[in-house]
Amino acid sequence: MITFEGAGKRYPDGTVAVDGLDLEAPTGRTTVFVGSSGSGKTTALRMVNRMVEPTSGTVSIDGQSVTEHDPALLRRSIGYVIQQAGLFPHRTVLDNVATVPLLLGWGRRKARARAGELLELVGLEAAQGRRYPHQLSGGQQQRVGVARALAADPPVLLMDEPFSAVDPVVRTGLQDELIRLQGELHKTILFVTHDIDEAVKLGDGIAVFRPGGRLAQYAPPERLLAEPADEFVERFIGYDRGVRRLSFFPASALQLRGDAVVDHGSTAGEALALAERTGEPWLLVADGARRPLGWISADELARTSAGRTLDGVELVGYGHIFHVRTDSLRAALDAAVLSPAGCAVGVDAEGAVVGVVSQADLGTAIWSVGSPDG
Ligand SMILES: Nc1ncnc2c1ncn2[C@@H]1O[C@H](COP(=O)(O)OP(=O)(O)OP(=O)(O)O)[C@@H](O)[C@H]1O
């Protein structure tokens with residue numbers, strides 16, 4: 001556990017970067033520091049590895065103050081990842097990752113073998129280990145930065161806006177990768193970001209910092225979104241917090257309708273009869289493996305000759321789908337809002353349709369999980 005007790009930093013020019021921070025970051029969990037620019041997140045983070053010395057209070061790891069450790073040795077025992085990776089440009093990727101093990105006296109062969117394993121762990125190929133950092137993409141460099149921080153298997157990982165210099169798609173991939181790694185490694189992670197979505201996705205606990213280096217709120221993401229402590233936090237997390245909060249409710253609780261799904265081998269006449277029986281204005285057409293093909297409206301079916309099978313009829317794209325077992329109500333809502341038929345398509349792990357849910361039925365389900373302020 002990392003403990004800040006009244007930890008503060010006042011610079012000689014009078015700037016208070018961090019003001020009396022009290023916070024416990026639990027072992028094996030990810031604690032995210034968010035807040036506006038200049039609110040003291042980086043300063044607080046760097047107190048842990050003594051890149052910044054507090055001017056008041058203490059920071060300790062598992063009950064031992066960090067000041068009891070030699071700073072250089074302390075830093076070797078704490079992984080540190082920064083924006084744009086901070087790799088050594090004149091060393092190969094493999095040697096970058098092997099840096100700390102070498103400093104710890106592991107010997108070249110063992111250090112490189114470990115570096116090779118880590119590159120694989122973060123999803124890079126062995127051949128990329130022989131390249132220099134500038135020969136990799138931004139996202140790949142960030143992966144190397146993570147591998148380097150993990151090289152000596154430190155129990156604590158400090159990550160300072162590690163993914164903010166890459167595009168949103170790469171960033172999402174890196175976040176997913178970190179979640180996967182953390183599921184295996186259970187490090188005690190402190191993670192600084194500006195991005196509340198990133199914080200909600202990655203954090204077991206979120207500390208919101210306000211200007212002046214003060215802690216505005218520290219809570220698990222669900223609670224932060226449901227009960228922001230004050231107007232500053234509410235504004236910071238954004239007014240769409242009600243929708244964000246739906247990320248914490250599983251889509252598996254939804255009642256899906258299977259009777260709005262029709263096989264592509266059916267005729268237009270059979271499909272129209274189904275639409276009339278169920279009162280559904282749209283039917284989802286699926287193939288023999290129940291994979292979605294597209295939507296067809298009851299009106300269109302009425303215009304199509306009754307004997308024609310649906311595999312020869314033009315369909316409306318089915319849009320986004322959601323995964324019934326793993327996605328949240330937020331993903332289902334998003335799929336329904338974007339759907340041309342106003343219905344979200346739920347699929348299983350194989351991509352086969354489980355059923356569909358209308359915007360109206362989603363509204364009822366959202367109502368039943370409680371109002372955002374509940
Ligand atoms: N060496 C220094 N001397 C004086 N003031 C400093 C020094 N280093 C940082 N500060 C100030 O301390 C405050 C906190 O800075 P810090 O970098 O911790 O904020 P941050 O929340 O991480 O910001 P950002 O999100 O922009 O990176 C800022 O007002 C900054 O200008």
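**Sheets, helix packing and ligand shell of a two-domain model**

Three strands, in the order 14-15-16, form an open sheet of mixed pairing; strands here are DSSP runs of E of at least two residues and helices are runs of H or I of at least four residues, both numbered from the N terminus, and two strands pair if DSSP finds at least two bridges between them. The edges of this sheet are strand 14 (321-323) and strand 16, each of which pairs on one side only. On average, and with direction ignored, neighbouring strands of the sheet are turned by 30° against each other, where axes are lines fitted to C-alpha atoms, for helices over the stretch in contact, and angles between N-to-C directions run from 0 to 180 degrees. The structure is a predicted model, in which local features need pLDDT of at least 70 and side-chain atom pairs count only at pLDDT 80 or more, whereas totals for chains, interfaces and linings use all residues. Residues are numbered from 1 along each chain as its sequence is written.

Within the sheet of strands 14, 15 and 16, both senses of pairing occur. Strand 14 and strand 15 are joined in the parallel sense over 3 bridges, and His323 stands opposite Val347 in strand 15. Strand 15 (residues 343-347) and strand 16 (residues 353-358) run antiparallel and are joined by 5 bridges. The bridge partner of Val345 in strand 16 is Val356. Strand 15 and strand 16 make a hairpin with 5 residues between the strands, in which Gly351 takes a positive phi near 90°.

The protein is divided into domain 1 (2-238) and domain 2 (251-370), with bounds that come from an automatic or database domain assignment. Taken over C-alpha atoms, the centres of domain 1 and domain 2 are separated by 43 Å.

A further open sheet contains 6 strands in the order 6-7-8-3-9-10, again with mixed pairing. Strand 6 (78-82) and strand 10 (214-219) stand at its edges with a single partner strand each, so one side of each is left without a neighbour in the sheet. The average turn between neighbouring strands of this sheet is 15°, direction ignored. Strand 3 (residues 30-35) and strand 8 (residues 188-192) pair in the parallel sense over 4 bridges, and Phe33 has Val192 of strand 8 as its bridge partner.

Strand 1 (residues 2-10) and strand 2 (residues 16-25) pair in the antiparallel sense over 6 bridges. Thr3 has Glu24 in strand 2 as its bridge partner. Strand 1 and strand 2 form a hairpin with 5 residues between them, and Gly14 in the turn has a positive phi of about 95°.

Helix packing was examined for three pairs. Helix 3 (residues 93-103) packs against helix 4 (residues 108-121) at an angle of about 125°, with their axes 8 Å apart. Helix 3 and helix 4 are therefore oblique to each other, on a scale where angles under 35 degrees count as roughly parallel, over 145 as roughly antiparallel, 65 to 115 as roughly perpendicular and the rest as oblique. The crossing of helix 3 and helix 4 is right-handed; a crossing is left-handed if the near helix is turned anticlockwise from the far one by less than a right angle, and right-handed if clockwise.

Helix 3 also packs with helix 5 (residues 138-150), at an angle of about 30° and with axes 7 Å apart. This angle makes helix 3 roughly parallel to helix 5, and their crossing is right-handed. For helix 13 (residues 329-338) and helix 14 (residues 359-368), the packing angle is about 155° and the axes are 10 Å apart. Helix 13 is thereby roughly antiparallel to helix 14, and passes helix 14 in a left-handed crossing.

The ligand is surrounded by 13 residues, of which Tyr11, Ala17, Ser37, Thr42 and Thr43 come nearest; a residue is near a molecule or strand if its C-beta atom, placed from the backbone, lies within 6 Å of it. Helix 1 (residues 41-48) gives the most to this shell, with 3 residues. By class, the shell has 2 nonpolar, 9 polar and 2 charged residues, where Ala, Val, Leu, Ile, Met, Phe, Trp, Tyr, Cys and Pro count as nonpolar, Asp, Glu, Lys and Arg as charged, and the others, Gly among them, as polar.
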